[in-house]
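Q: Could you take me through one part of this structure slowly, as I am new to it? I would like a close look at a single sheet and the helix that goes with it.

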Amino acid sequence: MPVTQERSGTAPETPDEEPGPGPGPGRGARALARIRAGLPRTGLAALAGLLLALAFPPFDLWPLSLLGVAVLSLLTRGRTVRQAAWTGFAFGLPFFLMLLSWLRVVGWDATVGLSVVEALFLAALGSGLAVTSRLPGWPLWGACLWITQEWARDRLPLGGFPWGRLAFANTATPFTPLAALGGAPLVTFAVALSGTLLAWAAVRATGRGTDRRPVAAALAALGAVATMLAGFLVPVPTAPADTVKVAVIQGNVPNPGMDFLGRPMMVLNNHAAATEKLAEDIRAGRAEKPDIVIWPENSSDLDPFSDPLAYRRIDEAVRAIGVPTLVGTLVDGPDEQHVQNEGIVWDPKTGPGASYTKQHPVPFGEYVPFRDQLSKVITRLQRVARDFYPGDHNGVMQLGPARIGDVICFEVAYDEIVRDTVDQGARVLVVQTNNATYAKTGQPEQQLAMSRLRAVEHGRAVLIAATSGISAVIAPDGTVVQRTEELTAAELTATVPLRDGTTVADRVGAAPEWTLAVAGLLACAGGVLLARRRRTTAAGDAGTTTPADTATNTPGGASTADE
């Protein structure tokens with residue numbers, strides 16, 4: 001892979017330039033030389049990707065998110081499209097391997113496969129950064145391209161996978177309040193802009209000759225700091241219109257990992273028994289009676305509508321506590337090949353009522369794409385006996401005195417699913433989750449961080465109910481009021497605000513994301529057109545160059561694509 005240097009006043013050298021007269025190394029030797037020359041840049045890119053991963057939970061070294069962006073911007077600046085694509089991939093692969101290491105519970109092949117797919121988006125980002133680095137104001141266009149990359153990765157393939165968004169590393173930082181203005185995309189944009197401005201400052205501070213501009217470097221650095229501190233100027237609405245007393249039940253599981261369920265009824269009995277114990281404490285005066293109770297995803301491991309014993313066990317626990325309870329369970333149907341992941345409102349008098357079915361099942365975890373073909377090759381996929389059937393409506397339901405917006409597990413990572421519940425009148429957000437498969441891997445901490453950002457984005461309290469942890473009560477400003485430890489039976493009781501007001505982010509919806517993403521694409525188009533015009537101009541100048549002028553040109557300058 002060729003390594004080029006930007007020089008002013010020298011003729012551009014194309015990557016495929018033929019050697020001069022006389023014997024020279026063969027194609028293989030030249031290719032090997034290019035690879036060796038590119039190793040330092042590749043190594044730096046991989047190191048920067050690992051540093052970016054450390055910005056996310058469970059490490060939470062969020063300033064490294066700015067450093068990761070800055071280093072990638074510098075490593076791709078002025079490179080060819082192919083060179084920058086490789087640099088982006090070298091940055092993205094170790095980043096995702098470390099970030100998604102919790103998938104090792106399923107298998108390292110799953111970790112590597114998903115990381116490779118996600119790293120391809122970073123490869124495209126690298127190419128875009130290289131193209132736009134030749135434009136005036138390139139730090140702005142580079143920040144827009146981070147949004148373009150996240151926009152695509154959140155949706156493709158198979159519905160997308162939003163893990164690793166810059167915003168999810170900044171859920172308790174000076175950038176966080178920006179979520180109330182433009183949601184997660186605006187937080188990502190601000191983080192990326194701070195990083196690209198730091199890169200610009202480094203270029204101006206270390207340049208040679210006229211490229212070295214200390215004043216410009218200082219102004220760029222100040223711009224990065226100002227972008228970071230802008231969040232402190234954003235009001236985060238938290239005033240309640242009403243309150244509700246809630247109890248969150250974490251019953252725990254018998255065996256964390258792939259076989260967390262244990263014997264039938266074990267997980268259900270854990271949650272029913274914990275609820276009945278709370279009811280005893282209330283009758284004895286040791287606890288205050290809640291208005292509502294929240295059980296997690298898969299808190300019933302059997303379908304209560306097809307298993308009378310499961311129905312009776314849930315009903316006994318709900319009647320004991322005496323208040324409406326949100327129960328997470330798998331429900332058979334709508335046919336023999338499918339099952340539905342649901343949250344069901346269970347009333348102590350009338351039994352099951354309104355329900356929400358998870359809209360975004362996880363590919364290969366909750367359903368198998370191309371099942372007939374892949375199951376023959378990857379026999380492990382046969383563990384997913386039936387595909388999850390997606391729901392067709394949002395999770396807004398009346399649970400006692402509270403109008404809740406229910407989202408299930410990974411759905412908290414998708415902007416539109418959470419936003420839709422608030423748009424339809426949810427006054428408090430509920431995240432029912434089952435992280436038992438990934439206990440003690442860092443995944444529960446990453447999901448907790450996403451929930452904190454959603455609280456600020458929508459100005460709503462967030463209640464996380466997890467089978468084995470981490471359950472939490474999060475205030476509308478993103479503060480974690482209470483949380484549980486993993487792999488423990490626990491309960492949380494709190495009085496949380498119910499809010500009717502909406503944030504600016506709620507009102508503008510996806511407009512900031514689309515605007516910034518399209519701006520990044522247009523900047524790429526502008527960079528391509530500029531490069532073509534320069535090549536055309538250079539070709540015209542070459543046609544009028546005299547032999548004497550040609551003799552004075554020496555190779556070693558930037559490649560044509562680097563101009």
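A: What follows describes one sheet, its strand pairing and the helix against it. This is a predicted model, in which local features need pLDDT of at least 70, side-chain atom pairs count only at pLDDT 80 or more, and totals for chains, interfaces and linings use all residues. Residues are numbered from 1 along each chain as its sequence is written, and side-chain values use heavy atoms, with hydrogens and water left out.

The sheet is open and has 6 strands in the order 7-8-9-10-11-12, with mixed pairing, where strands (E, at least two residues) and helices (H or I, at least four) are DSSP runs numbered from the N terminus, and two strands pair if DSSP finds at least two bridges between them. At its edges are strand 7 (396-399) and strand 12 (480-483), each of which pairs on one side only. Neighbouring strands of this sheet are turned by 25° against each other on average, direction ignored; axes are lines fitted to C-alpha atoms, for helices over the stretch in contact, and angles run from 0 to 180 degrees between N-to-C directions.

Within the sheet, strand 8 (residues 402-408) runs parallel to strand 9 (residues 428-433), and 5 bridges join them; Ile-408 stands opposite Gln-432 in strand 9.

Helix 11 lies across strand 7, strand 8 and strand 9, running at about 170° to strand 8, with contact meaning heavy atoms within 4.5 Å. In this helix (residues 415-423), Asp-415, Ile-417, Val-418, Arg-419, Thr-421 and Val-422 are buried, that is, under 20% relative accessible area with a 1.4 Å probe and protein chains only. After helix 11 comes Gly-425, whose phi is positive, near 105°.

Conventions. Buried < 20%, exposed > 50% of the residue type's maximum accessible area, 1.4 Å probe, protein only.
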